[in-house]
Amino acid sequence: MTPGRLCEAYFLLGVSSSASFHFCSSDDLQPVHQGVNPPGEMSFYSDASSDDLNDELETLGWYHYDLSRHAAEALLLSNGSDGSYLLRNSNEGPGCFALSVRAKDSVKHFHVTRKDKDGYVFGFNTFATLQDFINHFANQPLLGSDAGTLIVLKCPYPWRVEEPSIYESVRVHTAIQTGRTENDLVPNAPSLGTKEGYLVKQGAFVKNWKQRWFTLNRYELKYFKDKVCEEPIRTLDLKACSAVQFDYSQDRVNCFCLVFPERTFYLCAKTGVEADEWIKILRWKLSQIRKGR
């Protein structure tokens with residue numbers, strides 16, 4: 001059994017028949033929503049059994065098991081959006097968990113602990129299931145602070161994330177003698193589906209061709225005057241792109257285009273293989289956008 005599955009099994013078996021969850025903030029935030037149900041609204045108290053809780057956690061697609069706090073922050077900041085959230089184990093001991101939520105450019109973490117009653121307890125409210133809690137707060141402020149910070153749960157970040165099956169060819173493989181060792185290497189985790197490199201782009205008005213440095217990150221394709229430049233000339237939002245395809249209308253080889261409502265961008269790579277790699281990963285990005293990822 002893998003460590004993740006072992007952790008999952010321990011978590012599921014560790015929920016007693018009198019277990020519940022209590023959400024409290026580690027950022028000194030207080031619940032905005034309190035106590036009284038609106039007229040005609042169903043009470044959140046129920047006779048949910050521990051078996052129901054087990055079944056729910058077993059099928060919870062955004063429970064990330066033993067994902068660390070640091071990894072959760074990197075994941076949500078790199079690939080999530082405002083309101084993305086996930087549930088993970090806490091390092092504070094058995095029965096302790098954490099709800100990590102992205103709030104604009106930061107990630108907030110909230111303690112989750114087992115209590116003595118069935119259901120999920122948050123502030124003055126009790127919910128029969130975790131999904132009831134998420135549904136109720138989906139379009140309402142989850143927490144508020146003295147500084148006026150509001151956090152809304154919008155979309156769960158899944159445990160299993162589809163990745164592109166795109167692999168680039170090794171053209172050169174050699175070593176540069178710098179005297180560095182393994183201890184000098186710094187681990188880095190870029191977001192999923194990234195690519196960068198030089199392409200030749202056709203101008204919008206004067207139809208000349210200029211080499212530009214392109215970077216693809218999340219759903220943004222940026223191009224710069226050169227690799228060393230920090231500010232992009234333009235950022236293309238792939239959510240507005242309708243198609244990516246090879247192009248044979250230009251008097252150039254290895255050319256492809258990106259179709260936007262206001263303009264079609266023509267780009268050329270050095271080789272046909274490189275052009276194919278760009279097309280594959282850009283099409284994969286568009287497929288993820290259509291799936292609502």
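Accessible areas, as I use the term here, come from the Shrake-Rupley method with a 1.4 Å probe. By that reckoning the protein chain, which we have as a predicted model, exposes about 17,500 Å², and carbon and sulfur atoms supply 51% of this area. Of the 293 residues in the chain, 39% count as buried, and the secondary structure comes to five helices and 17 strands. Among the contacts with a separation of 6 or more, 56% are accounted for by residues 24 or more positions apart.

Let me turn to one stretch of strands. Strand β12, residues 209–217, pairs with strand β13, residues 220–224, in the antiparallel sense over five bridges, and Asn217 stands opposite Glu220 in β13. The hairpin of these strands has two residues between them, and in it Arg218 takes a positive phi near 55 degrees. On to the next pairing: β13 and strand β14, residues 234–237, run antiparallel and are joined by four bridges, with Arg234 in β14 as the bridge partner of Tyr223.

Now to the interior. The largest nonpolar core has 22 residues, and those touching the most other members are Leu221, Leu238, Val244, Phe256, Leu258, Trp278 and Leu282. Two or more residues of this core come from each of β12, β13, β16, β17 and α5, with α5 giving the largest share, six residues. Leaving aside residues up to four places away in sequence, Val244 touches Phe256, Cys257, Leu258, Ile279, Leu282, Arg283 and Leu286. There is also a second, separate core of 18 residues, which includes Tyr63, Leu99, Ala103 and Phe127.

Note on methods
Residues are numbered from 1 along each chain as its sequence is written. This is a predicted model: local features need pLDDT of at least 70, side-chain atom pairs count only at pLDDT 80 or more; totals for chains, interfaces and linings use all residues. Side-chain values use heavy atoms; hydrogens and water are left out. Buried means under 20% relative accessible area, exposed over 50%, partly exposed in between (1.4 Å probe, protein chains only). Contact means heavy atoms within 4.5 Å. Two strands pair if DSSP finds at least two bridges between them. A nonpolar core is a set of buried Ala, Val, Leu, Ile, Met, Phe, Trp, Tyr and Cys residues joined through side-chain atoms within 4.5 Å.
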